[in-house]
Number of protein chains: 2
Amino acid sequence: MPRSARPKRSAARPASAPKPYHHGDLKRVLVDAALVLAAEGGPEEVSVREAARRAGVSPAAPFRHFESREALMSAVAEEAQRRFRAEIARAMEDAPADDPLARFRKLGLAYLRWAMRNPAHFAIISSRAHFDHDASVEVSRDNAELIALAGDLLAEAAAKGQLRPLDLVTARIAARALVYGFARMHIDGHFPRWGVAEADVERTAEAVLDLFVGGLVRA
Amino acid sequence: MPRSARPKRSAARPASAPKPYHHGDLKRVLVDAALVLAAEGGPEEVSVREAARRAGVSPAAPFRHFESREALMSAVAEEAQRRFRAEIARAMEDAPADDPLARFRKLGLAYLRWAMRNPAHFAIISSRAHFDHDASVEVSRDNAELIALAGDLLAEAAAKGQLRPLDLVTARIAARALVYGFARMHIDGHFPRWGVAEADVERTAEAVLDLFVGGLVRA
DNA sequence: CAATGATGTAATCGACGTTTACATTCACGT
DNA sequence: ACGTGAATGTAAACGTCGATTACATCATTG
């Protein structure tokens, strides 16, 4: 029975058709499944076998597309990084072009907001424990750009006389430590202990950021 | 529980004697082995089997003393927490008793110093991922005391008019986010990317802390 | 000194990452 | 249209891990 026109990789294959031997877009599906697994149970819960299971494929299949679990995690990290970068870029668009300190604040807010809402994906991006950062140009480049952006904004603000006298390199590192620390406190479950309810986390993040920026400005 | 219960069996067995069936102090030895494993390869590298191997005991033996890997990690966390607390206490002893802001700074420095020198143990203490915080009263209590101490010092400083007008709760959270973030940047391997060499990390930590405290004081 | 409980071992289980040999299908040159 | 090689799937296996079970050894104590 010649199955005349096979929907090779067209949209949804009819529900009655038998599962085709080839998946069509397994690589992408595996990454998506891994993203979901991470979101559900944290980065550690991502397993190659479970991703394969959810993709409806044998345990060995993923290894046709990823050398190892770490390689899969790298792909996951790159997708997460793309989303993160997109959110940052969007936030910077509607920030006042002429006020570097306001832009700096907006940058911090966007960083924190995304981290609060995508804790597992943020965790994957942010720690060497989950994939090989050195092997992923994209994540490295994005990160370098973020660092540079924050540094430039601080330098502009200083040039405009908005800041008290301080070392810009130190300020840049302190700013990063502040937002990264806040994000990790959230990820690592500190806030219940600090009396900060889940619903208040974003508000608290803003208050903390404002307090920090307030400490940078000239009195 | 004093740690004096040493020669359960008469004396240390002569090197030539056959290995006795009972180990004598397996629980302690397992925790020590796990601490070493963590220090060598990070918290994730701690395995029950490897700890058993290093203790010269069968893979099932540890389960006589710990219900699960997580229980072992809890014991590890409690030992690490003891060491951390001791270092903090020591640092607070030689801090000026009458200058709350100086004490606050000293507290931050001690926190960072220990975290820089014991990254894996700090990581274990600091994240729910590695053991069940809620099941460990000791770690919870220590942490609450640390939070309270920082809060009290800030409040004292405010009462003495050392601080600019600010919300103390927010300042406390910001301070923690700053030091925790710095510590995690170190753990998660951010600093090479930030142009901070390993040798400069403690110096940088001090600069960052000073910049933050400088932002709290009244101008 | 015998009973009992504490603490060890051996064997086993299921989940995982990964590899190997083999099966199926796609893509492309003739 | 065909046939062949590359791409992509499966099945089965290996070793490691956490964990459980049945059994062995030993220390304590009535």
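User: Is A:Ser68 buried or exposed, and how many other C-beta atoms does A:Ser68 have within 10 Å?

Analyst: Burial is a neighbour count on C-beta atoms placed from the backbone: 20 or more others within 10 Å is buried, 12 or fewer is exposed, and anything in between is partly exposed. A:Ser68 has 12 other C-beta atoms within 10 Å, so A:Ser68 is exposed. A:Ser68 sits in the loop between helix H2 (48-55) and H3 of chain A. Helices here are DSSP runs of H or I of at least four residues, strands are runs of E of at least two, and both are numbered from the N terminus. The C-alpha atoms of A:Ser68 and A:Ile88 are separated by 30 Å, with their positions 20 residues apart along the chain.

User: What kind of model is this, and how are its parts labelled?

Analyst: This is a predicted model, in which local features need pLDDT of at least 70 and side-chain atom pairs count only at pLDDT 80 or more, while totals for chains, interfaces and linings use all residues. Residues are numbered from 1 along each chain as its sequence is written, and chains are lettered from A and ligands numbered from 1 in the order in which they are written.

User: How many helices and strands does chain A have?

Analyst: Chain A has eight helices and zero strands. Along the sequence the pattern reads α-α-α-α-α-α-α-α. The radius of gyration (over C-alpha atoms) is compared with a globule rule of 2.2 Å times the number of residues to the power 0.38. For the 219 residues of chain A the rule gives 17 Å, and the radius of gyration is 22 Å, well over that, so chain A is more spread out than a compact globule. Along the principal axes, the C-alpha atoms of chain A fill a box of roughly 85 × 40 × 30 Å. Of the residues of chain A, 37% count as buried.

User: Which residues does a buried residue such as A:Ala77 contact, outside its neighbours within four places in sequence?

Analyst: Two residues are in contact if their C-beta atoms, placed from the backbone, lie within 7 Å. A:Ala77 is in helix H3 of chain A and counts as buried because it has 27 C-beta neighbours inside 10 Å. Its contacts beyond four places in sequence are A:Ile124, A:Ile125, A:His130, A:Phe131, A:Ser136 and A:Val139. A:Ala77 and A:Ile124 are 47 residues apart in sequence, with 6.0 Å between their C-alpha atoms. For chain A as a whole, among contacts with a separation of 6 or more, 66% join residues 24 or more positions apart.

User: How does the span of H4(A) compare with the expected value, and what do its buried residues pack against?

Analyst: The expected span is 1.5 Å times one less than the number of residues. Helix H4 (residues 100-117) of chain A has 18 residues and reaches 26 Å from first C-alpha to last, close to the expected 26 Å. Its buried residues include A:Phe104, A:Leu107, A:Tyr111 and A:Trp114. They pack against helix H3 (69-93), helix H5 (119-126), helix H6 (137-159), H7 and H8 of chain A.

User: Which residues touch the most other members of the largest nonpolar core?

Analyst: A nonpolar core is a set of buried Ala, Val, Leu, Ile, Met, Phe, Trp, Tyr and Cys residues joined through C-beta atoms within 7 Å. The largest one holds 114 residues, and A:Ala34 and B:Ala34 touch the most other members. Beyond four places in sequence, A:Ala34 touches A:Val46, A:Ala51, A:Leu72 and A:Val76.

User: How are the two copies related?

Analyst: Two copies of a chain are related by a rotation about an axis and a shift along it. Here a turn of 180° and a shift of 0.0 Å along the axis lay chain B on chain A with an RMSD of 0.0 Å. The two copies are thus related as by a two-fold rotation axis. The same surface serves both: 100% of the contact residues of chain B recur in chain A.

User: Which part of chain B supplies the largest share of the side that touches chain A?

Analyst: The contact joins 33 residues of chain B and 33 residues of chain A. Helix H6 (137-159), helix H7 (168-187) and helix H8 (201-216) of chain B each supply at least two residues of that side. The largest share, eleven residues, comes from H7(B). An example of a contact across the chains is A:Thr204, in helix H8 of chain A, which touches A:Val196 and B:Ile173, not counting residues up to four places away.

How values were computed: Least-squares fit on C-alpha atoms with pLDDT ≥ 70 in both.
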